[in-house]
Amino acid sequence: MNSNKTDSAYAHLLARYQQTEQAIKEQAKHKAEETRWMGLCFYSDDILFVTSVIGVQGVVPLQKITPMPEKHDKWLGLSAYKDKVVPIINLNKIFWGQNFERNQNARIIVYKSDEMFWGIWVSAVEGLRWFDYESQESISLDASVPYSRFVEYVCFQDEQRCAVLNMDNLINSIIEESE
């Protein structure tokens, strides 16, 4: 009978230990998430950019783009994404003054800003990466740098420098310019 009490007490202690261990793991995971953020890395020309995944809805290959009448010169036109019609922005035109060129690596990043979906045409998508907030450095770019209004930080990971692009600022700027 004594061994049953001991076994029961041991089982109770083991269960408490496992709960405590799980709680510690959850706290560590939460703390790690507070020091890291996930970004989608992509290229515009030869520059590696990253944007937070918070507004990213998807990445799709280039598809049919319907030209818009009287469009802003930085918009390629309209395209379909799921059940939505999405305006497509030519990032190369905005940053480098280059016209849209189809290539096998080009993609459209579907981004949601202020409840509206936008497509951002980019040269290539590298994929998702975790970044430490500690690797983020403030940067002050010369106004002659075409993306200077949209990049405030750079992050370093795997010895690569990524310009952190504020996609909401970019989209709002294009909207303001087209009005």
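## Chatting through a predicted model

Me: How do β1 and β2 pair, and over how many bridges?

Reply: Strands β1 and β2 pair in the antiparallel sense, over six bridges. One facing pair there is Y43 and L48, with L48 in β2. Keep in mind that this is a predicted model.

Me: Thanks! What lies in the loop between β1 and β2?

Reply: D45 does; the loop runs between β1 (36-44) and β2 (47-52). D45 has a positive phi of about 60°, although it is not a glycine.

Me: Why mention that it isn't a glycine?

Reply: Because most residues other than glycine have a negative phi.

Me: Which other loop residue has a positive phi without being a glycine?

Reply: E115 is one, with phi near 65°. E115 sits in the loop between β6 (107-113) and β7 (116-122).

Me: Are those two buried or exposed?

Reply: D45 counts as partly exposed, because its relative accessibility is 34%. E115 has 67%, so it counts as exposed.

Me: Back to the strands. What order do they take in the open sheet?

Reply: Six strands form the open sheet, in the order β8-β1-β2-β11-β10-β9, and the pairing is mixed. The edge strands are β8 (124-132) and β9, each of which pairs on one side only. From one strand to the next, the twist averages 35°.

Me: How is β9 joined to β10?

Reply: Three bridges join β9 (residues 136-138) to β10 (residues 151-157), and the two run antiparallel. Q136 stands opposite C155 of β10.

Me: And what does C155 face in β11?

Reply: C155 stands opposite C162 in β11. Strands β10 and β11 (residues 160-165) are antiparallel too, paired over six bridges.

Me: What happens at the turn of that hairpin?

Reply: Two residues lie between the strands of the β10 and β11 hairpin, and D158 takes a positive phi near 50° there.

Me: New topic: how much space is in the largest pocket?

Reply: About 370 Å³. The lining of the largest pocket has 19 residues, and W37, T51, S52, V164 and L165 lie nearest the centre.

Me: Which elements give two or more residues to that lining?

Reply: They are β1, β2, β6, β10, β11 and α3 (167-178).

Me: What classes of residue line it?

Reply: The lining of the largest pocket has 11 nonpolar residues, five polar ones and three charged ones.

Me: Let's do aromatics. How many aromatic pairs are there?

Reply: The structure holds eight aromatic pairs. In one of them, the rings of W96 and Y147 have their centres 5.8 Å apart and their planes at 75°.

Me: Why does that pair count as edge-to-face?

Reply: Because planes over 60 degrees apart count as edge-to-face, and the planes of W96 and Y147 are at 75°.

Me: Where in the chain do W96 and Y147 sit?

Reply: W96 is in helix α2 (residues 91-96), while Y147 is in the loop between β9 and β10. The pair links distant parts of the chain, 51 residues apart.

Me: Are they buried or exposed?

Reply: Y147 is buried, because its relative accessible area is 9% and the cut-off for buried is under 20%. W96 has a relative accessible area of 27%, so it is partly exposed.

Me: Which residues form a cluster with them?

Reply: F42, F49, F95 and F150 join W96 and Y147 in one aromatic cluster.

Key. Residues numbered from 1 in each chain as written. Predicted model: local features only at pLDDT ≥ 70, side-chain atom pairs only at ≥ 80, totals over all residues. Heavy atoms only, no water. Helix = DSSP H or I, 4+ residues; strand = E, 2+ residues; numbered from the N terminus. Buried < 20%, exposed > 50% of the residue type's maximum accessible area, 1.4 Å probe, protein only. Pairing = 2+ DSSP bridges. 1 Å grid on protein atoms, 1.4 Å probe; cavity = no way out; pocket = protein on both sides within 12 Å on 5 of 7 lines; lining within 4 Å. Points joined across faces, edges and corners; volume = space filled by probe spheres on them. Nonpolar A, V, L, I, M, F, W, Y, C, P; charged D, E, K, R; others polar. Axes fitted to C-alpha atoms, helices over the stretch in contact; angles between N-to-C directions. Phe/Tyr/Trp six-rings, centres within 6.5 Å; stacked < 30°, edge-to-face > 60°.
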